[in-house]
Amino acid sequence: MEDAIVLYPSPGRGHLITMVELGKLMLKHHPSFSITILILSEPNTNTNSTLPNYVESSTAQYMATVNSTTPSITFHHLPPISKVPLSTSSFLEMNYLIPRLNNQNLHQTLKTISQTSKLRAFIIDFFCDASFEVASNLDIPTYYFFTSGASALALFLYMPTLHKNVDKSFKDLGNMPIDIPGLPPIPASDMPVGILNRNTQLYEYFLNTATHMAKSNGFLANTFESLETKAIMALSNGLCVPDGVTPPIFCIGPLISSSNQDGDAHECLNWLNSQPSRSVVFLCFGSMGLFSAKQLKEMAMGLENSGQRFLWVVRNPPPDNEKEPNLDELMPKGFFERTKDKGFVVKQWAPQVEVLSHESVGGFVTHCGWNSVLEAISVGVPMVA
């Protein structure tokens with residue numbers, strides 16, 4: 001029986017790409033292993049709306065490219081779920097709920113893989129926490145892959161302790177400093193939005209995940225020691241799970257896709273080739289970074305008034321954010337004529353890793369998603385948050 005590892009990413013391009021890079025890293029050290037990546041299909045909600053993050057079209061070409069270049073990695077699509085409640089108040093709740101509703105399919109899939117392979121590890125995304133119970137019942141070693149940094153991991157692992165020691169919601173504590181091992185004090189009002197209110201379903205999901213993580217076989221974190229020394233030390237020394245034993249943490253970052261994952265060279269790279277060294281500021285706000293039409297006009301005016309060379313990725317304002325933007329309607333009148341020698345606007349998406357690696361790029365205006373932060377740090381591009 002061949003050795004196999006199963007990876008279970010949360011939906012969303014950033015989570016999937018990072019999990020694929022993890023698979024590639026494992027194959028580099030263990031080329032005889034087979035890697036199966038489970039893909040959550042978009043749920044059937046019996047509506048015309050697409051659930052946030054479940055946009056398969058944005059990842060289909062990427063998966064096809066991986067299939068052709070790395071045959072030891074295979075993608076297995078779990079069957080779509082029906083009867084998904086639409087009463088959930090946020091996409092974060094949905095990210096937790098969909099894997100839970102998939103547990104029966106997951107159980108059968110893991111059993112099937114185990115019949116033909118020796119399943120050495122099951123590595124799950126933070127949001128796929130519901131699968132921990134399934135893997136535990138099947139006695140499969142389970143690891144959590146934390147796609148953010150060690151500082152966020154320290155916070156979430158410490159959450160059961162905070163829950164026990166603090167009897168109010170963070171939202172009701174104002175600027176009271178919250179002490180977390182390995183981190184500077186954080187004002188209660190600045191805690192992650194998903195855990196501000198302890199009386200919500202989302203808070204309960206996060207709390208349960210932290211409890212399960214402390215019982216897992218270990219954590220893989222997309223970070224490196226010299227970037228987050230204090231947080232990693234706090235985790236390694238067991239300070240974030242004071243009432244138990246902390247599983248081992250493996251810092252395997254930075255995991256960054258090495259090139260354009262969708263095949264063809266993008267037109268913006270040709271434009272960058274004609275720009276002076278370190279002269280261009282790159283503006284990109286991730287797969288979920290959305291702005292109103294008014295905000296886009298304000299940003300355009302700011303860029304124009306700065307006189308700075310720029311490469312800007314623009315997405316359509318919500319709720320039609322998956323549609324291609326009409327730039328002539330969104331930008332101020334005459335904007336493109338006035339900035340034609342200095343600016344380049346890209347619709348929807350740009351190959352961020354290649355852009356940041358380009359000699360012409362000298363700065364990055366970013367939403368500070370963890371993948372974006374690591375990509376910028378790795379090539380030494382300064383960021384404006």
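**Cores, sheet, pocket and unusual backbone sites**

Cys368 is partly exposed, because its relative accessible area of 34% falls between the limits of 20% and 50%. In this predicted model, Cys368 belongs to the loop between strand S13 (361-366) and helix H15 (370-379), and its phi is near 65 degrees, a positive value in a residue other than glycine. Most residues other than glycine have a negative phi, and most peptide bonds are trans. A positive phi, of about 55 degrees, is also found at Arg278, which is not a glycine. Arg278 sits in the loop between H10 and strand S10 (280-284), and with a relative accessible area of 46% Arg278 is likewise classed as partly exposed.

Two peptide bonds are cis. The bond that leads from Gly253 to Pro254 is cis, with omega near -5 degrees, and Pro254 is placed in the loop between S9 and helix H10 (267-273). Pro318 and Pro319 are also joined by a cis peptide bond, for which omega is about 10 degrees, and Pro319 lies in the loop between S11 and H12. The loop between strand S11 (309-314) and helix H12 (327-330) also holds Arg315, which counts as buried because its relative accessibility is 11%, under the limit of 20%. When residues up to four places away in sequence are not counted, Arg315 touches Gly286, Ser287, Met288, Gly289, Leu290, Leu296, Asn321, Glu322, Pro325 and Gln348.

The largest nonpolar core has 62 residues, and those with the most contacts inside it are Tyr8, Phe122, Phe170, Ile180, Met191, Ile195 and Phe206. Helix H8 (residues 201-213) gives the most to this core, with 7 residues. Apart from this core lies another, of 24 residues, among them Leu7, Leu16, Met26 and Ile39. For Phe206, leaving aside its neighbours within four places in sequence, the residues in contact are Tyr96, Phe126, Phe127, Phe156, Met159, Gly194 and Ile195. One of these partners, Phe156, is a buried residue of H6, as are Ala150, Leu153, Ala154, Leu155 and Leu157. Because 6 of the 8 residues of helix H6 (residues 150-157) are buried, this helix is largely enclosed by the rest of the structure.

An open sheet is formed by 7 strands in the order S3-S2-S1-S4-S5-S8-S9, and their pairing is parallel. Its edge strands are strand S3 (73-77) and strand S9 (249-251), each of which pairs on one side only, while the twist averages 25 degrees from one strand to the next. Strands of a sheet pair through backbone hydrogen bonds, either parallel or antiparallel. Within this sheet, strand S4 (residues 117-125) and strand S5 (residues 142-146) pair in the parallel sense over 4 bridges, and Ile123 stands opposite Tyr143 in S5.

Ile123 also appears in the lining of the second largest pocket, where the residues closest to the centre, of the 14 that line this pocket, are Ile5, Met26, His30, Ile123 and Leu220. The volume of the second largest pocket is about 400 Å³. Helix H1 (13-29) and S4 are the elements that give two or more residues to the lining of this pocket, and the largest share, 4 residues, comes from H1. Met26, named among the residues closest to the centre of the pocket, is also one of the residues of the core of 24 residues.

Notes:
Residues numbered from 1 in each chain as written. Predicted model: local features only at pLDDT ≥ 70, side-chain atom pairs only at ≥ 80, totals over all residues. Heavy atoms only, no water. Core = buried A, V, L, I, M, F, W, Y, C linked by side-chain atoms within 4.5 Å. Buried < 20%, exposed > 50% of the residue type's maximum accessible area, 1.4 Å probe, protein only. Contact = heavy atoms within 4.5 Å. Pairing = 2+ DSSP bridges. Axes fitted to C-alpha atoms, helices over the stretch in contact; angles between N-to-C directions. 1 Å grid on protein atoms, 1.4 Å probe; cavity = no way out; pocket = protein on both sides within 12 Å on 5 of 7 lines; lining within 4 Å. Points joined across faces, edges and corners; volume = space filled by probe spheres on them.
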